[in-house]
Amino acid sequence: MTQKNSSHCGRIAIVGRPNVGKSTLLNALVGEKISIVSSKPQTTRHGILGVLNRGTNQAIFVDTPGIQRDRKRLLHRFMGRAIRNALDSSDLALMVVAGNRFTREDRRLTEMLGQRLTRTLLVVNKVDIFRNKTKLLPFLESLSREFPFKALIPLSALTGENLGNLVDEIFKGLPQGEAIYPQGVYTDRGIQFRAAEIIREKLTEVLHQEVPYGLTVEIEHIEENEKGQVVVHALIWLERDSQKAIAIGKQGQVLKEVGKSSRRELRTLMKKRVHLELWVKVRRHWADSERELKRFGFDSL
Ligand SMILES: Nc1nc2c(ncn2[C@@H]2O[C@H](COP(=O)(O)OP(=O)(O)OP(=O)(O)O)[C@@H](O)[C@H]2O)c(=O)[nH]1
Ligand SMILES: [Mg+2]
């Protein structure tokens with residue numbers, strides 16, 4: 001009887017290669033845009049928490065940066081640390097792969113998961129790209145023969161296809177415990193962080209080619225003006241002077257577009273009219289400086 005009435009609550013790390021759809025999956029699971037998404041790899045840089053309640057049961061997800069081998073830059077080491085932290089504090093893991101590809105990097109991740117594989121659900125994402133889904137069966141069978149995953153779940157984070165099955169599996173696997181976050185709270189990140197991320201998402205989509213990692217966004221302050229608008233002052237930090245002209249664009253066109261799409265989304269987030277001030281600045285080697293990274297909100301190594 002007590003068994004039946006008790007609640008379940010647990011943490012689930014979402015891990016995988018860059019660009020396989022981890023953040024899209026987090027947003028689909030929680031039903032809110034919490035983690036930024038782009039078609040470019042290495043979009044997520046921090047552990048991003050998202051909460052899903054089902055009755056009195058609670059699943060606490062942590063989206064993580066795409067796992068990669070480049071460890072030369074301090075920024076990448078901070079990103080690697082976010083992945084390990086998420087795994088170390090989780091009860092379950094979702095390892096995400098895309099389509100029917102299982103690469104060398106995916107294999108390396110299974111090695112890193114090691115003993116945790118029996119507590120890992122393999123999410124085969126992006127199945128919407130297959131018209132004939134039976135083609136996936138041999139892929140799923142061979143993976144389940146090779147690795148002791150708790151379950152393998154093909155789905156589409158984009159269309160929501162088969163997402164319900166994953167949610168069922170997750171809630172089945174959570175340990176007993178009371179909910180940690182109150183109802184209605186779906187992330188632990190504040191408005192400044194989320195606003196900076198929204199602007200970074202828009203910039204990443206247009207600038208990734210030219211400024212792959214050297215760009216970050218800092219919110220200087222947010223205030224309300226006499227017109228009832230929320231005024232957001234944001235700084236776009238780049239590593240080199242030569243990147244500045246690219247970020248601004250001819251006659252400020254790039255910045256204008258980024259401002260427009262950011263403002264639209266900030267308005268949804270803040271539920272108020274938004275005035276956005278964007279300034280482009282250069283700080284050399286910020287991605288290699290511990291002090292700068294901390295200032296930009298990265299947790300210490
Ligand atoms: N077709 C299809 N595309 C998807 C699906 N899920 C995500 N995508 C796309 O894949 C791209 C990467 O998605 P993200 O969610 O940013 O991927 P990520 O794994 O979080 O990437 P990093 O943060 O860089 O590690 C985006 O263009 C998404 O729209 C899916 O189920 N189907
Ligand atoms: Mg991501």
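In what sense do E8 and strand E9 pair, and over how many bridges? E8 and E9 (residues 274-282) run parallel and are joined by nine bridges. Two strands are said to pair here if DSSP finds at least two bridges between them, and helices (H or I, at least four residues) and strands (E, at least two) are DSSP runs, numbered from the N terminus.

Before going on, some ground rules. This is a predicted model, in which local features need pLDDT of at least 70 and side-chain atom pairs count only at pLDDT 80 or more, while totals for chains, interfaces and linings use all residues. Residues are numbered from 1 along each chain as its sequence is written, and chains are lettered from A and ligands numbered from 1 in the order in which they are written.

Back to that sheet. E7, E8 and E9 form an open sheet of three strands in the order E7-E8-E9, with mixed pairing. Its edge strands are E7 and E9, each of which pairs on one side only. On average, neighbouring strands of this sheet are turned by 20° against each other, direction ignored; axes are lines fitted to C-alpha atoms, for helices over the stretch in contact, and angles run from 0 to 180 degrees between N-to-C directions. If you want to check the register between E8 and E9, look for Ala-234 opposite Leu-278 and Ile-236 with its bridge partner Val-280.

On the other side, strand E7 (residues 216-224) and strand E8 (residues 230-238) are antiparallel, with eight bridges. Here Glu-218 faces Leu-235 in E8. The hairpin has five residues between the strands, and Gly-228 in it takes a positive phi near 80°. In a regular strand, side chains alternate between the two faces of the sheet.

Two helices lie across this sheet. Helix H7 (residues 191-207) crosses E7 and E8 at about 130° to E7, and H8 lies across E8 and E9 at about 155° to E9. After H8 comes a loop to look at: Gln-251 sits between helix H8 (241-248) and helix H9 (253-270). Gln-251 has a positive phi of about 50° although it is not a glycine. It counts as exposed because it has 8 C-beta neighbours inside 10 Å. The rule is that a residue is buried if 20 or more other C-beta atoms lie within 10 Å of its own, exposed if 12 or fewer, and partly exposed in between, with C-beta atoms placed from the backbone.

Now for the other sheet. Six strands make an open sheet in the order E2-E3-E1-E4-E5-E6, again with mixed pairing. E2 and strand E6 (151-154) are the edge strands, each pairing on one side only. Neighbouring strands of this sheet are turned by 25° against each other on average, direction ignored. H2 packs on the sheet and touches E1, E2, E3, E4 and E5, its direction making about 30° with that of E2. Over at E6, four bridges join it to E5 in parallel, and Val-124 has Pro-154 as its bridge partner. Helix H5 (residues 137-146) lies across E5 and E6, running at about 160° to E6.

H2 deserves a closer look. Eight of its nine residues are buried, among them Lys-22, Ser-23 and Asn-27. The buried residues pack against several elements, including strand E1 (9-16), strand E4 (92-98) and helix H6 (163-172); contact means that two residues have C-beta atoms, placed from the backbone, within 7 Å. Just ahead of H2, in the loop from E1, is Asn-19. Its phi is positive, near 75°, though Asn-19 is not a glycine, and it counts as partly exposed because it has 16 C-beta neighbours inside 10 Å. After H2 comes Gly-31, with a positive phi near 80°.

What surrounds ligand 1? There are 24 residues around it, the closest being Gly-21, Ser-23, Thr-44, Gly-66 and Leu-158; a residue is near if its C-beta atom, placed from the backbone, lies within 6 Å. Helix H2 (residues 22-30) gives the largest share of this shell, three residues.

Zooming out, the protein has ten helices and nine strands. Its C-alpha trace spans about 60 × 45 × 40 Å along the principal axes, and 36% of its 301 residues count as buried.
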